[in-house]
Amino acid sequence: MTLTLYNTLTRRQEPFEPLQAGKVDMYCCGVTVYDYCHLGHARCYIVWDMVRRYLKWRGYDVRYVQNFTDIDDKILNRAREQGVSMEALAEKFIDAYFEDMKRLNVMEADEYPRATHTLDGIKRLIHELEHKGYAYPAAGDVYYKVRQFAEYGKLSGRNLEDLQAGASGRVEEEDPDAPKKQDPFDFALWKAAKPGEPFWESPWGAGRPGWHIECSAMVRQTFGDTIDIHCGGNELAFPHHENEIAQSEAVTGKPLARYWLHNGMVNVDGKKMSKSLGNFITIRQLLDGLNAPDAIAIRLFVLQTNYSKPIDFTQDAIVYAQNSWHTLKEGLLFGSRHGSELGWKPEAENSPIQNPEVERFQEAMDDDFNSPAALAVLFELAKELGKEGNILVHEGKTKTSPEVLQQQWLTLVSLAQVLGLSAKPEEKTTATGGLSDAEIETLIQKRQEARKAKDFAESDRIRNELQAQGITLIDTAEGTRWHRN
């Protein structure tokens with residue numbers, strides 16, 4: 001089977017062929033650290049984490065890099081509002097980013113370059129653009145000559161003539177830097193510092209870099225001229241990624257990335273998420289609010305839609321995802337609950353898993369990371385194991401062989417991990433006073449004695465006590481069985 005990806009640059013799905021066989025260089029545009037991460041960030045980084053995990057599962061040596069934008073007007077303005085330095089504000093929200101992503105089971109990147117750590121590379125790239133005639137200084141600023149780059153618009157499919165017609169003369173009015181520019185479409189590579197602002201020295205005077213040049217420099221400094229995959233939200237395709245291409249390729253003469261991947265936008269109750277509409281939701285608000293869903297249920301919700309399509313966060317959709325996660329979790333926990341009584345062999349866990357479910361899973365994911373189709377394979381396995389688990393609990397035996405059940409469970413766990421979906425086994429005892437297995441067995445014995453003595457009130461009291469502790473009793477002809485809820 002061949003892995004194929006939809007490449008935004010070519011506007012078609014095409015076979016994946018990395019620059020170097022067996023290795024993948026992957027760069028993802030990271031957060032601008034001035035606030036807590038929101039649902040759009042949750043979707044973006046869950047998606048690219050899934051892609052990274054799958055590439056590794058397919059045998060690629062993946063080097064995944066994701067930047068932090070820690071120089072930006074938004075950071076500067078927020079720092080002023082809070083009376084702190086730009087550095088302190090950035091560190092606060094970088095720490096918060098890691099906390100939020102850990103809850104969503106997003107793996108840490110191999111590297112996190114920062115704009116503040118790449119200033120030499122940024123200034124060097126601007127100097128090369130200026131030397132090649134693609135940039136010009138203007139009163140302490142430096143701008144990129146958009147019309148000088150003949151291929152501008154090749155990623156987004158936009159052309160300057162259409163953009164100019166759509167602007168209807170408003171460009172100059174809305175752009176305070178318009179008098180400095182040679183052309184309204186030119187964008188800033190370096191911004192002169194204003195009084196009271198933090199700044200860095202440069203050949204063009206004290207100032208700070210523009211947003212777009214930061215990523216071009218970080219990609220170049222980390223990987224070199226060309227990478228395999230550049231990814232991010234589709235709202236970045238224009239102008240951010242378009243400008244990255246113009247900056248980088250004007251200097252190197254080589255493609256910045258072979259494949260450009262973009263995840264779809266996020267809506268909330270059918271409307272684009274925005275602070276002005278009052279539907280802006282942070283990851284923390286979602287996971288720490290009243291009746292909050294499991295964090296992994298949110299991950300599952302994101303993966304139930306193809307990564308490139310829009311996704312709509314609604315209360316009903318989250319409830320459905322929570323219920324779906326319960327089904328999948330029951331399957332994932334089958335081994336910890338029943339493996340011992342089924343006499344599973346530990347050595348089987350080290351055997352390679354090859355069965356039709358794995359082939360169907362790979363076929364789905366090879367088709368531009370079709371996670372909804374891949375999840376369908378997982379749910380089939382989980383439902384079957386859930387049914388077998390109910391039979392074991394209520395009847396104490398199953399007609400399916402232990403070897404078959406173990407293979408089904410190992411397949412489910414293995415494939416779920418590729419999507420970052422995992423469930424922790426329940427603790428048999430808890431620090432908050434939960435009953436141990438021995439204590440449960442003692443109470444069941446006391447209940448049996450009460451029933452023999454026809455003390456049904458005591459028998460019911462013990463059953464209710466166990467039920468309150470999350471223990472369900474099942475009376476059968478062979479005796480009383482129990483399980484934790």
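## Exercises on strands, helices and two polar side chains

Three bridges join strand 6 (residues 141-144) to strand 7 (residues 187-192), and the two strands run antiparallel. The model you are looking at is predicted, so let us work through it piece by piece.

**Exercise 1. Find the sheet that holds strand 6 and strand 7, and say which strands stand at its edges.**

Step 1. Start from the pair above and extend outwards: four strands form an open sheet in the order 5-6-7-8, with antiparallel pairing.

Step 2. Look at the two ends of that order. Strand 5 (135-138) and strand 8 (207-209) each have a single partner strand, so one side of each is left without a neighbour in the sheet.

Step 3. Check the twist: on average, neighbouring strands of this sheet are turned by 20° against each other, direction ignored.

Step 4. Pick out a residue pair. Opposite Tyr 143 stands Ala 188 in strand 7.

Step 5. Add the helix. Helix 4 (residues 119-131) packs on this sheet and touches strand 5, strand 6, strand 7 and strand 8. The direction of helix 4 makes about 120° with that of strand 7.

**Exercise 2. Describe the open sheet that contains strand 4, and place a helix on it.**

Step 1. Read the order: this open sheet of four strands runs 4-3-9-10, and its pairing is parallel.

Step 2. Identify the edges. They are strand 4 and strand 10 (257-263); each has a single partner strand, so one side of each lacks a neighbour in the sheet.

Step 3. For the twist, neighbouring strands here are turned by 20° against each other on average, direction ignored.

Step 4. Take one pairing in detail. Strand 9 (residues 227-233) pairs with strand 10 in the parallel sense over six bridges, and the bridge partner of Ile 227 in strand 10 is Ala 257.

Step 5. Now place helix 8 (residues 237-252), which packs on the sheet and touches strand 9 and strand 10. The direction of helix 8 makes about 155° with that of strand 9.

**Exercise 3. Is Arg 63 buried, partly exposed or exposed, and what does its side chain reach?**

Step 1. Locate Arg 63 in strand 4 (residues 61-66).

Step 2. Judge the accessibility. The relative accessible area of Arg 63 is 31%; partly exposed covers the range between 20% and 50%, so Arg 63 is partly exposed.

Step 3. List contacts beyond four places in sequence; among them are Val 24, Asp 25, Asp 110, Glu 111 and Thr 222.

Step 4. Look for polar partners. The side chain of Arg 63 makes a polar contact with the side chain of Glu 111 (2.5 Å), and it reaches the backbone oxygen of Thr 222 at 3.2 Å.

**Exercise 4. Repeat the analysis for Asn 7: is it buried or exposed?**

Step 1. Asn 7 is part of strand 1 (residues 4-7).

Step 2. Its relative accessibility is 0%, and buried means under 20%, so Asn 7 counts as buried.

Step 3. The side chain of Asn 7 makes a polar contact with that of Glu 14 (3.1 Å) and reaches the backbone oxygen of Arg 258 at 2.9 Å.

Step 4. Beyond four places in sequence, Asn 7 also touches residues including Tyr 259 and Trp 260.

**Exercise 5. Classify the crossing of helix 11 and helix 15.**

Step 1. The axes of helix 11 (residues 315-332) and helix 15 (residues 402-418) come within 9 Å and cross at roughly 125°.

Step 2. That angle makes helix 11 oblique to helix 15.

Step 3. At the contact, Leu 328, Gly 331 and Leu 332 of helix 11 meet Trp 409, Leu 412, Val 413 and Ala 416 of helix 15.

Step 4. Sorted by class, this contact has six nonpolar, one polar and no charged residues.

Technical notes. Residues numbered from 1 in each chain as written. Predicted model: local features only at pLDDT ≥ 70, side-chain atom pairs only at ≥ 80, totals over all residues. Heavy atoms only, no water. Buried < 20%, exposed > 50% of the residue type's maximum accessible area, 1.4 Å probe, protein only. Contact = heavy atoms within 4.5 Å. Polar contact = N/O pair within 3.5 Å; in protein donor to acceptor, adjacent residues only side chain to side chain. Pairing = 2+ DSSP bridges. Axes fitted to C-alpha atoms, helices over the stretch in contact; angles between N-to-C directions. Parallel < 35°, antiparallel > 145°, perpendicular 65-115°, else oblique. Nonpolar A, V, L, I, M, F, W, Y, C, P; charged D, E, K, R; others polar.
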